[in-house]
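Hi there,

Here is the model I promised to pass on. Have a look at it first, and my notes follow underneath.

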Amino acid sequence: MLGSLVRGLHFNTYSSEDAIKRLHGWASHLEKGQGVMTASFDITNMFAELPHAAILESLEWMIRMMEAKGFDRVNVNCRGKKLAMGKQNRDGHFPVKFDRIRKWVRYELEFSYSLAEGELIQQIQGIPMGGHTSPSLACILCVRSEAQFMYELGTLRKRILGLRLMDDVAVFVRFVQEKTESACQARDILEKLKGCYPSSLSLERTHADDGTPSFLGCRILVDQEGPKITSVLQMKNQDCMSGDQPLTFQCIQDFRSYSDKQTKTSMIKSYLHLIVRCSNDAALRDLPVACLRKELRTRHFPVPVIEKVVQSFECDQRVRLGREPSIHEGWR
C-alpha cells in the first residue's frame with residue numbers, strides 16, 4: 001500500500017540508498033540563486049508510545065486511499081516477496097482482502113500480551129515489539145501525519161523534500177536567497193514540522209545548524225553558492241581512526257577469525273559498494289575509503305589482500321577510488 005502512494009505525499013523511504021538517490025534527484029533541479037535549509041530529526045518513542053486508536057485510523061485512511069484507486073485486495077506472491085495491488089485474483093498469488101487486513105491488525109493490537117515476573121500483562125499502548133506488522137504500521141501512521149502536513153502547506157510543498165527511514169528524518173527546503181520572505185517561509189516550514197506527528201511522538205533535532213546534517217550514516221554537505229548538495233558515507237569508526245583511538249564499534253570481522261577468505265573479501269566489497277552509492281562526488285570517497293583501509297589493517301587484514309579487493313572492485317564497477325589520503329585531513 002505504501003508503495004502505491006505518490007512519493008511527494010510523504011517522507012517514507014525503503015533504504016538508505018533509496019533516500020540518497022531521491023536526495024540527489026531533488027538536488028539536480030536546484031537553480032542559481034536558490035538556497036537550501038536543512039534539518040535532521042529523530043522520532044523518539046516511535047514504537048512504544050503509539051496509541052492503538054491512531055494506528056487503526058491511519059490504517060483505515062490507507063485502505064480508503066487504495067479503494068479510491070479501485071483496489072480491494074493485495075495479491076501476495078506465493079513464491080517470492082513481490083506483492084501487487086489488485087482488483088481481481090492473480091495466478092500464483094494469494095489474495096488478501098482489505099477487510100481481512102482490518103480484522104488481522106485489530107486482533108493483533110487488542111490481544112497482545114507480555115509475561116513479566118510471572119504476571120500476564122496486556123499491551124494497551126504501542127506496537128507489539130517483534131511483530132511482523134509493527135514496522136509497517138508505524139510507517140503508515142507517520143505517512144498519514146506527513147500527508148496531512150504536506151496538504152496544509154499548499155503550493156509551498158513543491159519546495160520541500162522529506163526523507164524518513166523508520167525513526168530517522170531529514171528535511172530539505174528550497175528558498176530564493178534574494179527574497180527575505182522566501183527564507184522566512186522556509187524557516188517556518190521547518191518549525192511547523194515539529195508538530196507534524198502525533199502528540200505522543202516528539203522530534204529531537206540531531207545536528208547543529210551548520211548546513212552539514214547527518215542522515216542514515218551519511219554526511220550531507222550543502223553548498224549555498226552552487227547551490228549543490230553532496231553526500232558521503234561516514235564510517236562508524238571514522239572519528240576513532242582520525243584520532244588513533246581504539247575502535248568504538250566492532251563492525252568488521254577479524255581476518256584471523258573462523259570463516260573463509262571469500263566471506264571476508266565479500267564484506268570489503270559490500271562496504272565499497274555502500275561508499276560509492278552514497279557518495280555523489282568522487283573526490284569525497286577518499287576519506288571513507290582511507291578509514292576502511294586503516295580499520296581493516298587494525299583487524300589484521302593483510303595489505304595485499306585489501307589492495308587486491310579494491311583493485312578488483314575498481315575494475316568491475318569502472319570507478320576510481322583515488323589515492324589514500326591521510327585520514328587526519330578531516331572534513332574541509
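Below is what I found, starting with confidence and moving on to a strand and a surface patch.

Please keep in mind that this is a predicted model, where local features need pLDDT of at least 70 and side-chain atom pairs count only at pLDDT 80 or more, while totals for chains, interfaces and linings use all residues. Residues are numbered from 1 along each chain as its sequence is written, and side-chain values use heavy atoms, with hydrogens and water left out.

The protein chain has a mean pLDDT (the predictor's confidence in each residue, from 0 to 100) of 82, and 95% of its residues reach 70 or more. Residues 325-332 have pLDDT below 50, and this stretch makes 18 contacts (heavy atoms within 4.5 Å) in the model beyond near neighbours in sequence.

Now to strand β1, residues 34-44 (strands are DSSP E runs of at least two residues, numbered from the N terminus). Ten of its eleven residues are buried (under 20% relative accessible area, 1.4 Å probe, protein chains only), so β1 is largely enclosed by the rest of the structure. Nine bridges join β1 to β8 (residues 168-176), and the two run antiparallel; in this pairing Ser40 has Ala170 as its bridge partner. β1 is also antiparallel to β9 (residues 202-205), with four bridges between them, and here Asp42 partners Glu204.

On the surface, Phe111 sits in the loop between α3 (98-110) and β5 (113-116). Its relative accessibility is 45%, so Phe111 counts as partly exposed (between 20% and 50%).

Happy to talk it through!

Best wishes

Definitions and conventions: Two strands pair if DSSP finds at least two bridges between them.
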